[in-house]
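User: I'd like a close look at one part of this protein, with the surroundings filled in as you go. Here is what I'm looking at.

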Amino acid sequence: MTGVSTEDLASVPRRSSRISAKPNPEQVPPAKTTKKATASGKKAGTKRAAEVEEGGDGESSKKAKVPAEEEVQPAASPEEKADEPAAESSSLADAPKKIDIGDTIPSVVLKNEKGEDVDTSTLTGAKGVVLFLVPKADTPGCTTQACGFRDVWQEFGALNFDVYCLSADSPSAQTKWQTKKLLPYELLSDPKRTLIRALGAADGNKTKRSHFVFERGGTLVDKKMPVKPVDSPRLALEFIKTINK
């Protein structure tokens, strides 16, 4: 074996210690993700998931808020708007004229407390009729008036007169009141105040407390308007007794 001389060793290039210290790129492990970056990623992912659950991104959400076409109510046409006052005028034109003493009870079809149709012109065919009007069912003053007619109801019957309560209340409200107070007579519902207006007892959207006496055949022979709740039954009965003598 040939020996290596000192000169030969000196001629061999030496590897730099700096170069040797550098790690091989293939051997460098991947950098660790910091906790802060991980937390940030989690937040971003959570936010993105929430957006997806709520309907996607902002643009998609805006689109989702737009109502469907079938839910949009079309505005009334000029022709339809013009028909509204015409229909109201037609209703007023069809209403019976205002009556007074000596006039005949008009023909108006109303619902009674059972929801049955009643033509007011047929009420006086066999008997006389007392119509007493109340502003609102099941209120203190109206209950006093209604119970007053209840207590002398049989006396009216003995004189060949029927009693009816007339108001703008619904049939269901009248039924509850009738059941609660044991009212033995029929109650007539006039929500549009058609007959109430013909009797002269309409005051805008209110009804004047009053009563009207029609003899058999339908002629109006007496009326009291306004009248106190406690006085109405007594005054109506006293008048009927005078004409039955």
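In which loop does Asn160 lie? Start there, and then walk me through the parts around that loop.

Analyst: Keep in mind that this is a predicted model. Asn160 lies in the loop between H7 and S4. Its backbone is worth a look: phi of Asn160 is near 65°, a positive value in a residue other than glycine. Most residues other than glycine have a negative phi. As for cover, Asn160 counts as partly exposed because its relative accessibility is 33%, which falls between the 20% cut-off for buried and the 50% cut-off for exposed.

Both elements beside that loop lead to helix H6. Helix H7 (153–158) and strand S4 (161–167) are among the elements that the buried residues of H6 pack against. Strand S3 (128–133), helix H8 (171–181), strand S8 (210–214) and helix H10 (232–243) are on that list too. And which residues of H6 are buried? They are Cys142, Thr143, Gln145, Ala146, Cys147, Gly148 and Phe149. The helix itself checks out on length: H6 runs over residues 140–151, and its 12 residues should span 16 Å at 1.5 Å a residue, which agrees with the 16 Å between its end C-alpha atoms.

Just ahead of H6 there's another backbone oddity. Asp138 sits in the loop between S3 and H6, and its phi is near 60°, again a positive value in a residue other than glycine. Asp138 counts as partly exposed because its relative accessibility is 35%.

Now follow Phe149 out of H6. The structure holds 3 aromatic pairs. In one of them, the rings of Phe132 and Phe149 have their centres 4.3 Å apart and their planes at 5°, so the pair is stacked. That pair ties together distant parts of the chain, with Phe132 in strand S3 and Phe149 in helix H6, 17 residues apart. Both Phe132 and Phe149 are buried. If you follow the ring pairs further, they link Phe132, Phe149, Phe156 and Tyr185 into a cluster.

From S3 you can step over to Thr207, which is in strand S7 (residues 206–207). Leaving aside neighbours within four places in sequence, Thr207 is in contact with Leu133, Val134, Pro135, Arg193, Ile196 and Ala201. With Arg193 there is also a polar contact of 3.1 Å between the side chains. Thr207 counts as buried because its relative accessible area is 5%.

H10, another of the elements packed against by the buried residues of H6, has its own quirk just upstream. Pro226 lies in the loop between strand S9 (220–224) and H10, and the peptide bond from Met225 to Pro226 is cis, with omega near -5°. For context, most peptide bonds are trans.

Stepping back to the whole protein, the secondary structure comes to 10 helices and 9 strands. Buried residues make up 28% of the 245 residues. Of the contacts with a separation of 6 or more, 64% are between residues 24 or more positions apart. The protein exposes about 16600 Å², with carbon and sulfur atoms supplying 53% of that.

Note on methods. Residues numbered from 1 in each chain as written. Predicted model: local features only at pLDDT ≥ 70, side-chain atom pairs only at ≥ 80, totals over all residues. Heavy atoms only, no water. Helix = DSSP H or I, 4+ residues; strand = E, 2+ residues; numbered from the N terminus. Expected span 1.5 Å × (residues − 1). Buried < 20%, exposed > 50% of the residue type's maximum accessible area, 1.4 Å probe, protein only. Contact = heavy atoms within 4.5 Å. Phe/Tyr/Trp six-rings, centres within 6.5 Å; stacked < 30°, edge-to-face > 60°. Polar contact = N/O pair within 3.5 Å; in protein donor to acceptor, adjacent residues only side chain to side chain. Areas by Shrake-Rupley, 256 points an atom, 1.4 Å probe, with all protein chains shown as cover.
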